[in-house]
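Here's a walk through one fold, going from the sheet outward to the helices, the core and a few single residues. Have your viewer open while you read.

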Amino acid sequence: MNTSKEQLFKRQIKLAELGEEGQEKLQEATVLVVGCGGLGSPIAVHLAASGIGKIHLIDFDVLDLSNLHRQVFYSLDDVGKSKAQCLANFIKNRAPFTEVNYSNKPLTKENVFDFINTVDIVVDGTDSLPTKYLLNDACVIKNKPLVYGSLYKFDGYVASFNVKKQHGGITANLRDAFPTMATDVPNCEEVGTLNAIVSLIASQQVSEVLKIITGIGEPLTNELLIYNSLNNTQLKMKLVNTVSVEVIASIFDKEDYFDADCQIQNSEWLITAEELKQSLLQNPLNLELVSVLENLETPFNVDATYSVNEIESGVFHPQENKKYVLVCKRGITSYRALQILKDKFPTAAIFSLAGGINEY
């Protein structure tokens with residue numbers, strides 16, 4: 001099929017505020033999308049469909065069946081495959097004037113500058129708090145605009161950080177809203193999320209990117225938009241740029257931005273699915289299974305359920321004559337809970353199910 005830019009972007013170019021000049025700005029822009037999940041996948045597709053010239057995708061994860069209810073640009077055939085690769089292939093078939101490439105490795109303190117140095121704008125589509133702060137701090141240091149998006153159950157958060165002001169200086173960043181990284185914020189695996197709010201926030205982020213690149217409208221700078229989908233309400237939290245580049249550079253030098261999702265787990269603390277099955281057959285009375293997620297569907301009966309917050313607060317006390325196995329969906333949240341317990345009870349027989357229920 002012979003596709004021309006004029007026909008493909010006809011409706012968009014007709015917008016008087018954007019026109020051919022704005023469309024050309026989009027074509028010349030390079031955007032980094034970090035995370036190819038609920039936020040990142042629709043963001044990347046919409047940006048490509050809008051005519052962004054170059055898009056780079058970053059995501060180390062593979063698609064899980066539980067992702068599909070909100071990550072709608074993937075199919076059942078994609079389960080178990082690289083998210084970044086599947087999304088890049090989708091975009092290549094959808095957007096002929098967008099050059100798209102991807103990376104399957106996690107974003108880290110060691111490689112973040114390599115990724116952001118050559119792009120015009122960075123989009124945060126992750127669900128990892130350490131990665132959000134890593135992106136923010138790196139973008140401040142390198143003077144790159146960052147379009148932020150975040151989700152919590154029925155709420156969504158959007159802002160455009162570190163954008164150049166017309167008369168000099170830059171706008172507020174994530175640390176102006178939340179100076180320090182919280183350690184007790186559960187992810188969507190732990191508390192769940194509604195698919196509609198994911199798409200709404202992703203669309204808001206796309207709009208921010210297009211406005212910043214083309215220079216039209218008013219981006220969400222120096223404010224954080226908070227939207228609640230249950231009550232259809234929103235508010236804007238005003239932000240003031242008070243955390244300097246020097247302060248953030250100092251934080252960057254000291255912070256490791258550790259993300260449990262990307263960590264190498266201690267094999268001595270793990271129990272495989274086969275080992276657990278054998279333990280259940282051999283000595284089930286001495287074994288206690290503990291779910292760290294509410295309403296977790298398991299192929300076996302769990303003896304107790306404790307959230308990570310409850311474990312951290314000291315509710316759970318292991319007995320000396322028992323063996324405990326912590327379980328969750330993918331073996332990430334259970335390992336995080338295990339680390340907390342190992343710190344408190346180093347000699348207790350507590351293990352995390354490797355790969356979680358997904359690999360049982």
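What follows is a short tour of this predicted model.

## The sheet

Start with the strands. There are 8 of them in an open sheet, and the order across it is β3-β2-β1-β4-β5-β6-β7-β8, with mixed pairing. At the edges sit β3 (99–103) and β8 (233–238), each of which pairs on one side only. Ignoring direction, neighbouring strands in this sheet are turned against each other by 15 degrees on average.

Now for the β3-β2-β1 end of that order. Strand β2 (residues 54–58) runs parallel to β3, and 5 bridges join the two. Within that pairing, I55 stands opposite V100 of β3. On its other side, β2 is joined to β1 by 5 bridges, and this pair is parallel as well. Here V33 has L57 in β2 as its bridge partner.

## A strand covered on both sides

How many residues of β1 are buried? The count is 5 of 5, so it's fair to call the strand mostly covered, given that buried means under 20% relative accessible area. In a regular strand, side chains alternate between the two faces of the sheet. For β1, one side carries T30, L32 and V34 and the other V31 and V33, and all of these are buried.

## Helices across the sheet

Which helices lie over these strands? One is α4, which lies across β1 (30–34), β2 and β4 (121–124) and runs at about 165 degrees to β1. Another is α10 (residues 195–214): it lies across β1, β4, β5 (146–152), β6 (155–161) and β7 (223–228), at about 170 degrees to β5.

Elsewhere in the chain there's α14 (residues 333–344). Its 12 residues reach 17 Å from first C-alpha to last, close to the 16 Å expected at 1.5 Å a residue. The buried residues of α14 include Y335, L338, I340 and L341, but also T333, S334 and K342.

## The nonpolar core

Nonpolar side chains tend to be buried together in soluble globular proteins. In this model the largest nonpolar core has 39 residues, and V31, L47, I52, L57 and I91 have the most contacts inside it. Two or more residues each come from β1, α4, β2, α5 (83–94), β4, α10 and β7. The largest share is that of α10, with 8 residues.

I52 makes a handy anchor for looking around. Leaving out its neighbours within four places in sequence, I52 is in contact with L26, A29, V31, L47, F97, T98, L210 and I213.

## Single residues worth a click

Is S50 buried or exposed? S50 is in helix α4 (residues 40–50), and it counts as buried because its relative accessibility is 8%, which is under the 20% limit. Not counting residues up to four places away in sequence, S50 touches F9, Q12, Q23, L26 and L210. Two of these, L26 and L210, also appear among the contacts of I52.

Finally, the cysteines. Searching the whole structure turns up 0 disulfides. C36 is in none, and the nearest cysteine sulfur, on C86, is 9.9 Å away, whereas a disulfide would need the sulfur atoms within 2.5 Å. C36 counts as buried because its relative accessibility is 0%. C328 is buried too, with a relative accessible area of 0%.

Note on methods. Residues are numbered from 1 along each chain as its sequence is written. This is a predicted model: local features need pLDDT of at least 70, side-chain atom pairs count only at pLDDT 80 or more; totals for chains, interfaces and linings use all residues. Side-chain values use heavy atoms; hydrogens and water are left out. Helices (H or I, at least four residues) and strands (E, at least two) are DSSP runs, numbered from the N terminus. Buried means under 20% relative accessible area, exposed over 50%, partly exposed in between (1.4 Å probe, protein chains only). Contact means heavy atoms within 4.5 Å. Two strands pair if DSSP finds at least two bridges between them. Axes are lines fitted to C-alpha atoms, for helices over the stretch in contact, and angles run from 0 to 180 degrees between N-to-C directions. A nonpolar core is a set of buried Ala, Val, Leu, Ile, Met, Phe, Trp, Tyr and Cys residues joined through side-chain atoms within 4.5 Å. The expected span of a helix is 1.5 Å times one less than its number of residues.
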